[in-house]
Amino acid sequence: MSTHEDVLSSENLPHEPEKATLEGKNKFLGFWFFLGGETVLFASLFGTYLALKNSFGAAEHTTPSQELFGLELVFIMTMLLLTSSLTSVYAMYHMKNHDFKKMMVWLGITVLLGAAFLGLEIYEFYHYVHHYHHTFTSSAFGSAFYTLVGFHGAHVAFGLLWIITLMIRNARRGLNLYNAPKFYVASLYWHFIDVVWVFIFTVVYLMGKVG
Amino acid sequence: MSTATVGKRSFGAVVWDYLTTVDHKKIAILYLVAGGFFFLLGGLEAMLIRLQLMAPDSELIGAQFYNELFTMHGTTMIFLAAMPLLFALMNAIMPLQIGARDVAFPFINALGFWLFLFGGLLLNCSWFLGGAPDAGWTAYAPLSVISPGHGVDFYALGLQISGFGTLMGGINFIVTIITMRAPGMTYMRMPLFTWSTFVASILILFAFPALTVGLFLLTFDRLFGANFFVPDMGGNEIIWEHLFWIFGHPEVYILILPAFGVFSEVFSTFSKKRLFGYSSMVFATVLIAFLGFMVWAHHMFTVGMGPIANSIFAIATMAIAVPTGIKIFNWLLTMWGGSIRMTTAMLYAVSFIPTFTLGGITGVMLASAAADYQYHDSYFVVAHFHYVIVGGVVFGILGGLTYWWPLMFGKMLNEKLGKWTFWLFFTGFHLTFFIQHFLGLMGMPRRYWKFLEGQGLETGNLISTVGAFLMAIATFILLYNVIITTVKGKKSPADPWDGRTLEWSLPNPTPFYNFKQLPLVRGLDPLWVEKTQGNGKMIPAEPLDDIHMPNNSFLPFTISLGLFIAAFGFMYRVDAGFPAYVAIGVGLAITLGSMLIRSVKDDLGYHIHKEDLEKEGAGE
């Protein structure tokens, strides 16, 4: 039976510290199930978006998606987020090798890339609102677009706050069996956000350009 | 901290204990009390509906109030009564049935309860703040979008908050069942109630997010000027119906499967036989859950999806009758040749079979898309879903509570009063709803405030109201039974029904750590295996050792409270201005701040020491 000291000590960690305790295993499994629920959430949003894309009714401003979207900015955003997913893999690789410092560095890079993505997304929304009057309330297309992409953006923002909190909290004490599952689960979340973005890039932007 | 025997505590200490508890047995009691309260509230609403419809052209209550009543009756009964009462049973029983000391996420378990409670309270605050939601429990757009006042806002935000809680509860149960089973408790040795909890939790996980999105879209349309359901701006109301029923149909199985689980346990115990066709029961449960996701559009036959879509959904719906039929026959064959004891719990189980079968038959009738045009939105539908939900779920809850009451509270409910409750409830139920099939076929539409004289509807409605009174009387007898048992009841033996499953191997009262030593499970119905092949006691699977326990926490309460406060802010943003923004800020700060504390503060739990456990053992 493990005592608190064993759990909080950063000595002699096993190869997979995130799954070494029952709590860690539960967290790992529970989070996968949570992501299953999140998949249904985004699937519902995608379905709604597909039903309402380029649907304007009698709205005043009706810029279709072909004119609205520019792929250059979205391409840069996609690259930033995909790279951030890779850097979070590096972070987890170092976690499994018990190299806390390198893990923190790669998580830091992940956060920076995520923040850059979020900044560009805010700029993108600003651009649509001020140049095309494409707003949340301007048409059903606008509502569906900002809800789908905004839900993803909110997930990115939450993920950034989450990872930063974990980094600050554990900066001084290093890796242990208590915080390893927390880091691991946060990185799972980050991958999920990335996967959702791949679908947004395809369904919203690519199909919006040609469809 | 590890004092197992606690003396008389002050009232404040008990309240604080329940506000901060993470013990699944106490959370079960919280769910039971809150769900019971909402059940009475929903019942009161039902009585007012029946009083209004007792006589033709009645002016007893106004049309607007009537709309609010039937909306809140449905919403309350489904989300705030039936589900929490089932969650009470799941929390109380499932961890004991698999031989676990606790659930996988005790903190999240508590959070799930408080989110549900604050969501339910928010919804019911609407009665005092300008009127309850009035667009039906299905809240179809565009009616729900244009409904004036804040009623539907309370619906959208209240259900949103309580829905988060349900989702978390579901994930907790799934992981508990996967990782926390005692040695030897393989999947195919799990009792049916645990199986149905498992499958219902998976349904919750994949069904509730669709409701989450639907409620967000409705909220955005109503409060932030979005146009999802506004055709003028390109919106489409049918999206709501799809999202609602993609959630709503699995929801029916989320409710009924645990009730099936309860009955499987009751039939087996009171027939003194192992469940007939155990593996086919498991298979049928999983198959019902799978098909449950394929049939949502049978609620929308009259929308105009076209004959192809209607036919596909009609056939998928009828297919569900097959696994359900397997279950019905397995229950009958469990009783066949058994030594049957007609206890109160068994009465609910036995009467459930014909009642639910009636509901199933009308279900197949409704599944015939062409015929559905005749039944749609009539009292025939009302009769159908009350037959499955009251005849299935409510009978299951009442039977399950009677059966497991000694385990939850250490005392047995009075059987004589229990049988009075049963017979009055059973008679009242059929009196109320059987006649409604015919009222529906005669053309009486659901959700209408009045019916007129001279259309042949008077007698049927009067009979229906009389039946409702019988159910109300039955409920009062049940309440009296609970009170008299709590006050005067004697301590029950640990295994009063000669049980078969693990939960009955525990002493009364159940220790807060459940199992001192995890039991070794040697077969299906593990306690029965030991009774027939061993010495009647579970064999320990481990030596006596320290037990790890989770710490209590007040954070689940504050996280939920914050959302409750913020919801008022979002609702009154336009009317109240600045104070509303303060409420949003304060509410979200409480919620996010509590989450932050949860994240940064280590919570490692504590250990009950081996020596203390040994001392207790000596005192037994």
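At what angle do helix α12 and helix α15 of chain B pack, and how far apart are their axes? That is taken up in point 3 of this note, after a few words on the model and chain A.

1. A word on confidence to begin with. What you have here is a predicted model, and it scores ipTM 0.95 and pTM 0.95. Chain B averages a pLDDT of 95, with 98% of the residues scoring at least 70. Please read the start of that chain with care: over residues 1-5 of chain B the pLDDT is below 50, and this stretch has seven contacts in the model beyond near neighbours in sequence.

2. Chain A is a good place to get your bearings. Its secondary structure amounts to seven helices and zero strands, so the pattern along the sequence reads α-α-α-α-α-α-α. The C-alpha atoms of chain A fill a box of roughly 70 × 30 × 25 Å along the principal axes. Of its 211 residues, 38% count as buried. If you take contacts in chain A between residues at least 6 apart in sequence, 81% of them join residues at least 24 apart.

3. Now for the opening question. Helix α12 (residues 344-367) and helix α15 (residues 415-441) of chain B pack at an angle of about 10 degrees, and their axes are 10 Å apart. Since an angle under 35 degrees counts as roughly parallel, α12(B) and α15(B) are therefore roughly parallel to each other. On the α12(B) side, the contact is made by Thr344(B), Leu347(B), Tyr348(B), Ser351(B) and Thr362(B). From α15(B) come Glu415(B), Gly418(B), Lys419(B), Phe422(B), Phe426(B) and His437(B). Sorted by class, this contact has four nonpolar, five polar and two charged residues.

4. Next, the nonpolar interior. The largest nonpolar core has 239 residues, and Ala82(B), Leu203(B) and Leu255(B) have the most contacts inside it. Helix α7 (residues 192-224) of chain B gives the largest share of this core, 21 residues. Another core, of five residues, lies apart from it; among its members are Tyr66(B), Phe70(B), Met72(B) and Ala132(B). As for Ala82(B), its contacts beyond four places in sequence are Met77(B), Leu255(B), Ile389(B) and Val393(B).

5. How do the two chains meet? In the model, 35 residues of chain A are in contact with 37 residues of chain B. On the chain A side, α1 (4-8), α2 (22-52) and α6 (140-170) each supply at least two residues. The largest share, 16 residues, comes from α2(A). By class, the side of chain A that touches chain B has 19 nonpolar, 14 polar and two charged residues.

6. One residue worth opening in your viewer is Ala140(A), which lies in helix α6 of chain A. Is Ala140(A) buried or exposed? The cut-off for a buried residue is 20 or more other C-beta atoms within 10 Å; Ala140(A) has 29 such neighbours and therefore counts as buried. Within its own chain, Ala140(A) touches Leu52(A), Ser55(A) and Gly57(A), leaving out residues up to four places away in sequence. Its partners in chain B are Asn227(B), Phe228(B), Val230(B), Met233(B), Gly234(B) and Gly235(B). Ala140(A) and Leu52(A) are 88 residues apart in sequence, yet their C-alpha atoms are 6.2 Å apart in space.

How values were computed:
Residues numbered from 1 in each chain as written. Chains lettered and ligands numbered in written order. Predicted model: local features only at pLDDT ≥ 70, side-chain atom pairs only at ≥ 80, totals over all residues. Axes fitted to C-alpha atoms, helices over the stretch in contact; angles between N-to-C directions. Helix = DSSP H or I, 4+ residues; strand = E, 2+ residues; numbered from the N terminus. Parallel < 35°, antiparallel > 145°, perpendicular 65-115°, else oblique. Contact = placed C-beta atoms within 7 Å. Nonpolar A, V, L, I, M, F, W, Y, C, P; charged D, E, K, R; others polar. Core = buried A, V, L, I, M, F, W, Y, C linked by C-beta atoms within 7 Å. Buried ≥ 20, exposed ≤ 12 C-beta atoms within 10 Å, placed from the backbone. pLDDT = per-residue confidence, 0-100.
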